[in-house]
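Hi,

Here is the model I said I would pass on. Have a look at it first, and my notes follow underneath.

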Amino acid sequence: MSEEKVDWYLDFIDLKRQPAKDEIQLLFKATPAPGYSIEEAAGRIASESSVGTWTTLSTVTQDTLNRMAKVYKIAGDLVYVTYPLELFELGSIPQLFSSVFGNIYGMKAVARLRVLDIRFPREYVKSFKGPQFGHKGAKEILKIKENRPIIATVPKPKLSPSAEAHAKIGYEIWLGGEDLLKDDENLTSQPFIKFEDRVREVFKYRDKAEKETGERKSALINVTSETEEMKRRAKLVKDYGGEFIMIDFLTAGWAATQTMREVAEELGLALYAHRAFHAAFTKLPDHGATMLSIAKVARLAGVDFLHIGTAGIGKMEGTKSDVIRIKEEITLDKVPQEDIYFEQDWAGIKPIMPVSSGGLHPGIIPPLLDALGADIAIQVGGGVLGHPMGPRAGAKAVRDAIDAWNKKIPLQEYAEKSKELKAALEKWGTQSYA
Ligand code: CAP
Ligand code: MG
C-alpha cells in the first residue's frame, strides 16, 4: 500500500458494474509503480481520465458522481474502464486524447500504462464524418477494376535532388505499371525541392504518363506543414490537377488532421495518412498505445488511407496477427469481439484503405497478399528504386509479382518469363512466413 493520503480513488472501481452500450470503454495494460496495488493504479486511471483528482472535494454534486468513469473489470494487469458518453465532446479528437490518453500516463502510481483498445458507442462514431472516399472510393479514383492492390512508390533517396528529378521517377514507375508516386514523410518544401515546383513537375509528367499508357496515374503529395500552410498546399494540389493529399497525421496533430479532412472534402481530394512518429508510443509492449487504438481514432478522424504495417515481413515492426486485426478494424463495419479486444460497430462510416509499406520488394509480395488480401495499397520504395535495371523495371517487377500471385504461379516460375522479376529475386530473394 502507498503512503500517499488519498480518499476516493477506490470509489472509481465497481466490479459489479456492467458497461452500458452507449458508453466508451477503454482497455488498459497497467504496471503499478512499486508500493501500489493494481486496484490503486486502476482507480487513479479512471479518476484522472474522468472527473476526479487526488482528494475528495467539497464541490462534488450528484451529477458529477454519476459521471465518474468506473473500472468494471481487472484481470491480472488488464484494466477495463467504462466512461459515460457525457464526459466527451462529440466530434472532437483532441478532447478524447486529453481525457483517456492524457494525464494518466504521468501518474506516479503507474509505472507503465498502455491503451490496448478503445470501443466507441454508435452515437459517438456518428458524430464524426469518417473517411470521405474510403476503401472502394480509393480504387475508383484510380479506375482499378482488377483484383489487385493499389501500387505506390516513394522515391529513394528520400529527398530527390530536384523537383524535376522527383517527377521523372514518377514517370518511370507509372510507365512500369504503378498507380501512384508517393512523397516521403520528410519531403515537404526544402530549398532544392520546393513544394510548388514539385507539384507542377509531378503533374506535368503524370499527364504525359497517362497519355502514353492510357491508364489513370496520380501522386500522393505531402502537404504536411503548419495548418494554414497545409490548406494552401492542398489548394495548389487541386489547382495543378491532383487527386490526393498526404499528411503526416501524428506529427501534424489530430486537430490539424480533422481540419484537413474538411479541407480535402471541400476540394474533392482524398486524404492519405502517413503514421511517422507512431512508434514513439506504440513500440513498447507495456507503454503508450497500440496502433490498433490509433487506427480506430484515425477512422473517426476520416483519413482515406492509413499505414498499418507489413504483417511481420518488411523492415518495420508489427506482427502478422496485429496487422490483420488493424486491417479488419479499419475496413469492416461490424468488428467482432476477439481475444481481449472489443467488438466495434462503425455505424456505417466508411472504411479506410490500409497501406502496407516498409521494406517491401517483389519477393515479399505474394505472402503479404496472402495475409492481407488484394484490397489494400502497397508502397514499395527501396524495392523499386534499388532494382538493378532501374525504377521502371523495378515497378514492372512489382506488377509481375502481383500478377503471379493472382494467377497462383510461383515467383521463380513466373520469373522465367520476366527478366525484371528475375533480377529483383536475384537481388532480394523471396520470403515467406515461418
Ligand atoms: C517506406 C517508407 C515508409 C515506411 C514507414 C520509408 O520505404 O517510405 O515511410 O514504410 O513505416 O521511408 O521507410 P521503403 P510504416 O519502401 O523503401 O521501405 O509504413 O510502418 O508506417
Ligand atoms: Mg517514408
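Let's begin with a loop: Pro157 sits in the one between β5 (150-153) and α6 (163-175). Helices (H or I, at least four residues) and strands (E, at least two) are DSSP runs numbered from the N terminus. The peptide bond joining Lys156 and Pro157 is cis, with omega about -5°. Another loop, between β11 (305-307) and α13 (320-331), holds Ala311. Phi of Ala311 is positive, near 55°, and this residue is not a glycine. For background, most residues other than glycine have a negative phi, and most peptide bonds are trans.

Before the rest, some housekeeping. This is a predicted model, where local features need pLDDT of at least 70 and side-chain atom pairs count only at pLDDT 80 or more, while totals for chains, interfaces and linings use all residues. Residues are numbered from 1 along each chain as its sequence is written, chains are lettered from A and ligands numbered from 1 in the order in which they are written, and side-chain values use heavy atoms, with hydrogens and water left out.

Now the ligand. There are 17 residues around ligand 1, and Lys156, His307, Lys315, Ser357 and Gly359 come nearest (near means a heavy atom within 4 Å). That Lys156 is the residue joined to Pro157 by the cis bond. By class, the shell has three nonpolar, eight polar and six charged residues (Ala, Val, Leu, Ile, Met, Phe, Trp, Tyr, Cys and Pro count as nonpolar, Asp, Glu, Lys and Arg as charged, and the others, Gly among them, as polar).

Which polar contacts does ligand 1 make through its oxygen atoms (N or O pairs within 3.5 Å)? A side-chain N or O atom of His307 is 2.6 Å from one ligand oxygen, and for the side chain of Ser357 the distance is 2.7 Å. Gly381 uses a backbone N or O atom, again at 2.7 Å from a ligand oxygen. The protein covers 94% of the 490 Å² of accessible area that ligand 1 has on its own (Shrake-Rupley, 1.4 Å probe).

Last, the sheet. It is open, with five strands in the order β2-β3-β1-β4-β10 and mixed pairing (a pair needs at least two DSSP bridges). β2 and β10 (288-289) are the edge strands, each pairing on one side only. β2 (residues 70-75) runs antiparallel to β3 (residues 78-83), with five bridges; one of the partnerships is Lys70 with Thr82. These two strands form a hairpin with two residues between them, and Gly76 in the turn has a positive phi of about 65°. At the other edge, β4 (residues 110-119) and β10 are parallel over two bridges, where Arg114 partners Gly288.

Cheers

Technical notes:
Polar contact = N/O pair within 3.5 Å; in protein donor to acceptor, adjacent residues only side chain to side chain.
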